[in-house]
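Open the model in your viewer and keep the selection box at hand. The stops below say what to select next and what is there.

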Amino acid sequence: MQYSESIASVEQTGVDTVREYALIALRNKWVIVGAIALSLAMAWGYLLIAPKYYQSQALIVVEERKGIDDVIKRWENSDEHFEKRLFLIQKQIVSQDFLAEIAKELSKDSDGSREQGELIGWGQLAGMTRVERAMIDPAGGKSSNNLVDGFVVSFLHQDPSIAMQVTARIADKFIEESNREREKEVEGTGEFLDEELRMLKRELEKREESISQFKKSHLGDLPQQADTNLRALDRAEAEITATSESLQRHSDKLDTLHQAVQLYRTSGQQSFGIGTTRSVEPDPLFRHLKELREKLVKLRAEFWDGYPEIILTKEEIRQTEEELTNLYGRDAIRPDKTPLDPYLQDLLKQQTEERTEIALLRQRLDQLRATKRDLEQRLDRAPSVEQELLVLERDYNNMKTNYAMLLDKRLHTRVEQNIEKRQKGGKYRILDRPYLPRVPVIPNNSRVLVLGLLFGCVLGAGLSVVRERLTPQFRGPEDIELLLAGPRLLAAIPDFSLLWRTAGDSGYFQNSALPRPSLGIAIRSRSKAELNQQSLAERSNLHEIDRRFVAKVFPRSMAAEQYRVAAARLQLLNATGVPMVVAVTSAIKGEGKTTTVVNLGYTLSRDFGRRVLLLDCDFVYPELTAFLESPVSHGLIDCLRSDIPLQQAMSSFTDVPCWIMPAGESVANSNDLLRAGQLNRVLSQLREEFDYILLNAPPILPVATMNVLESHSDLLLLVVRANLTSKQAVTQAIGSLRADRPIHVVLNGVASSSLPSYMLEYAVSESRVAV
């Protein structure tokens with residue numbers, strides 16, 4: 001088990017959290033019961049003094065559609081339309097115009113008394129009137145199977161007769177206004193259909209224009225042009241192939257001409273099959289250029305350079321030189337250069353022609369490739385364009401079908417209007433007339449009591465949590481298990497402060513046969529008669545038995561039994577049987593670590609026959625001296641400072657193989673002696689002679705000595721005082737430890753109310769047997 005695991009175990013899981021709150025509720029059960037009782041009493045008092053309100057209801061349903069309703073039936077969703085209609089009905093019924101007239105009518109019916117008129121005013125009517133959707137089962141929710149096409153009008157008042165009268169008048173007035181509105185609806189149906197037809201016609205024209213614009217913008221990408229694009233793509237690929245072949249032929253010919261020119265210039269040898277076989281005359285342009293240059297020389301001799309004919313001659317010379325440069329290169333027009341050989345002149349001219357032809361072929365090839373890419377993109381876009389066009393045409397066709405259907409409805413409108421005018425009755429009718437209420441609906445007795453119960457539960461839970469948070473101490477074994485999230489609790493020691501008696505009882509003491517002492521330790525033995533001669537109180541005054549020594553004084557008590565449980569579990573943890581060093585510490589001072597060391601060590605020796613040494617390492621408050629049966633002149637500090645024999649610093653119990661090594665006289669650098677390595681030397685010698693070495697270590701938080709002792713220990717035992725040590729202190733103490741050692745807990749001073757019932761029953765039975 002690693003130290004990192006012990007730190008991680010401090011975090012609680014969800015199940016542990018629920019368990020913790022369950023324990024909190026169990027410990028504070030009377031607080032919760034009191035809060036519930038108080039809340040129920042307050043709820044009952046409210047029911048006694050609260051004013052009573054009565055409610056009368058009227059059910060109004062929608063008549064089956066017939067006549068003109070069939071004309072517009074398909075254009076509306078039944079449930080959605082009724083929900084919208086119900087909202088308007090609610091606003092209509094609670095409006096001032098609707099209710100003010102009813103209030104005035106009720107005032108006249110009550111003998112014209114002014115007080116009654118003021119009592120039933122518009123404001124009170126609006127506040128007490130409710131309009132809700134009619135349901136088959138009010139508790140079934142607003143599902144489609146539970147709703148009906150109707151609504152319930154209800155009115156609330158302290159006088160049940162007034163509630164019934166107002167509800168009846170609201171229902172009658174609504175039916176009257178509904179009938180008047182229906183007559184107007186019948187008259188306006190024809191206008192409605194005409195307006196719908198005009199709107200659909202405009203929408204159809206817009207859709208037709210959209211389809212036309214779409215086809216124009218995607219010309220060449222339409223589905224019906226796909227075959228044409230495929231044929232054009234085939235032609236373009238064929239032309240690309242032919243042009244590529246022609247370009248390759250001309251490129252090969254250009255390479256051949258270039259090689260022939262190089263061969264002729266280097267060796268003067270003509271290539272076979274290249275050039276002309278007949279005598280080639282020099283290019284007339286060379287002769288013409290020569291004549292122009294001679295003419296320019298003559299003109300300059302007679303005229304100045306700005307003379308017009310000189311300017312014209314220069315321009316003609318420039319054009320001729322540019323033409324010759326394009327054909328034969330820059331060197332061909334140099335005056336000091338020998339005129340080109342006719343054969344070389346012909347080769348250069350052929351090179352120029354081939355270059356021109358290659359440039360044209362490449363330009364054509366680029367055009368063909370661009371055309372091919374465009375055709376491929378059109379083919380790629382064709383499916384998406386087709387899909388968009390299908391959507392547009394589908395919407396257009398649907399709208400066209402609706403237009404035809406609505407036009408057919410329009411033709412039958414006049415016949416339907418005549419049918420509606422001859423029908424009797426309106427669109428709504430009262431199915432359930434208002435009744436005189438007998439039982440008040442406000443306050444709701446069951447609801448108030450349930451709310452009072454819930455409030456009491458919440459109040460009790462809140463008070464319990466606040467009470468627990470204000471006192472964040474450990475109370476029972478469950479708190480330790482929840483904090484450390486694992487089976488790390490070694491034992492839960494009950495509070496044994498009430499066990500001490502003033503008179504001794506010889507039955508509480510036991511003597512065991514002692515093994516042969518080692519290290520030269522002499523154990524002072526006393527006979528059983530000698531021990532029984534003194535009373536327990538007298539031996540307490542002589543400091544032979546400390547009041548905390550419950551394992552020896554009260555061996556049959558529940559506290560002594562829990563120390564035996566801790567010793568047994570400690571035995572199980574030492575599976576290998578090698579000598580074990582156990583550091584017993586606590587988070588703060590006063591948690592009972594010295595008591596735990598003495599009783600645990602004594603129990604290991606008496607009940608399990610182990611050789612145990614109790615080593616006092618608390619140099620600030622060395623309390624193991626109080627348990628010495630015979631004084632010693634030296635202690636642990638003396639053994640650390642010098643080479644004093646260890647047996648001179650020990651004192652043994654007379655009845656069990658258990659020894660105590662006190663801390664000795666404290667000096668200024670006592671803690672430095674532990675850090676210097678002398679403790680390791682002492683423990684190495686003690687491991688050879690004892691099965692268990694229990695270190696009475698100082699508290700973790702006040703001093704840093706425990707950080708040194710934990711590295712010399714095989715197991716860490718943390719003592720926690722119930723109802724004293726805070727959970728934050730224990731968590732902080734565990735977090736300050738750095739060594740990889742197992743950490744186990746002994747919960748000390750547990751109240752009997754925090755222990756399981758089976759432990760208490762067993763302890764009572766054992767005490768009866770002992771008596």
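Start with strands β6 and β11, which pair in the parallel sense over five bridges. Bear in mind that this is a predicted model. Select T585 and look across to β11: L718 stands opposite. Then colour β11 (715-721) by burial. Six of the seven residues of β11 are buried, so the strand is largely enclosed by the rest of the structure.

**The neighbours of β6 and β11**

Move from β11 to β12 (743-750). These two strands also run parallel, and six bridges join them. Pick V720 to find its opposite number in β12, L747.

Now go back to β6, residues 580-586, and turn to β10, residues 692-696. The pairing here is parallel too, with five bridges. Select A583; its bridge partner in β10 is L695.

**The whole sheet**

Which strands make up this sheet, and in what order? Show all eight: the order is β5-β12-β11-β6-β10-β7-β9-β8. The sheet is open and its pairing is mixed. Select 489-494 for β5 and 651-652 for β8 to see the edge strands, each of which pairs on one side only.

**Helices on the sheet**

Add helix α20, residues 558-573. Helix α20 packs on the sheet and touches β5, β6, β10, β11 and β12. Compare its direction with that of β5: the angle is about 170°.

Next, select helix α24, residues 678-687. Helix α24 lies across β6, β7 (612-616) and β10. Its direction runs at about 145° to β10.

**Rings and charges**

Show side chains for two charge-over-ring sites. At one, the charged end of K589 sits over the ring of Y621, 4.6 Å from the ring centre. At the other, R611 lies over the face of F690, and the distance to the ring centre is 5.5 Å.

Then select F549, Y602, F627 and F653 together. Ring pairs link these four into a cluster.

How many aromatic pairs does the whole structure hold? A search finds eight. For one that takes you to another sheet, select F151 and Y428. Their ring centres are 6.2 Å apart and their planes meet at 70°; the pair is edge-to-face because planes over 60 degrees apart count as such. F151 sits in strand β3 (residues 147-157) and Y428 in strand β4 (residues 428-432), so keep both strands on display. The two residues are 277 residues apart in the chain.

Is F151 buried or exposed? F151 is buried, with a relative accessible area of 0%. Y428 is buried as well, at 5%.

**The four-stranded sheet**

Stay with β3 and β4 and bring in their sheet. This open sheet has four strands in the order β2-β3-β1-β4, with antiparallel pairing. β2 (129-135) and β4 stand at the edges. Each has a single partner strand, so one side of each is left without a neighbour in the sheet. Look along the sheet to see the turn between strands: neighbours are rotated by 35° against each other on average, direction ignored.

Select β1, residues 54-62. Four bridges join β1 to β4 in the antiparallel sense. Pick I60; I430 in β4 stands opposite.

**A loop stop**

Select Q225. This residue lies in the loop between α9 (160-217) and α10 (226-267). Q225 is partly exposed, with a relative accessible area of 22%. Which residues does Q225 contact beyond its neighbours within four places in sequence? They are L219 and G220. Now add L379 and draw a distance between C-alpha atoms. Q225 and L379 are 154 residues apart along the chain, and their C-alpha atoms are separated by 9.3 Å.

**Zoom out**

Finish with the full protein in cartoon view. The protein has 27 helices and 12 strands. Switch to a surface: about 43100 Å² is exposed, and carbon and sulfur atoms supply 53% of that area. Of the 771 residues, 41% are buried. Last, turn to contacts between residues at least 6 apart in sequence: 81% of them join residues at least 24 apart.

Definitions and conventions. Residues numbered from 1 in each chain as written. Predicted model: local features only at pLDDT ≥ 70, side-chain atom pairs only at ≥ 80, totals over all residues. Heavy atoms only, no water. Pairing = 2+ DSSP bridges. Contact = heavy atoms within 4.5 Å. Axes fitted to C-alpha atoms, helices over the stretch in contact; angles between N-to-C directions. Buried < 20%, exposed > 50% of the residue type's maximum accessible area, 1.4 Å probe, protein only. Areas by Shrake-Rupley, 256 points an atom, 1.4 Å probe, with all protein chains shown as cover. Phe/Tyr/Trp six-rings, centres within 6.5 Å; stacked < 30°, edge-to-face > 60°. Lys NZ or Arg CZ within 6 Å of the ring centre and 35° of its normal.
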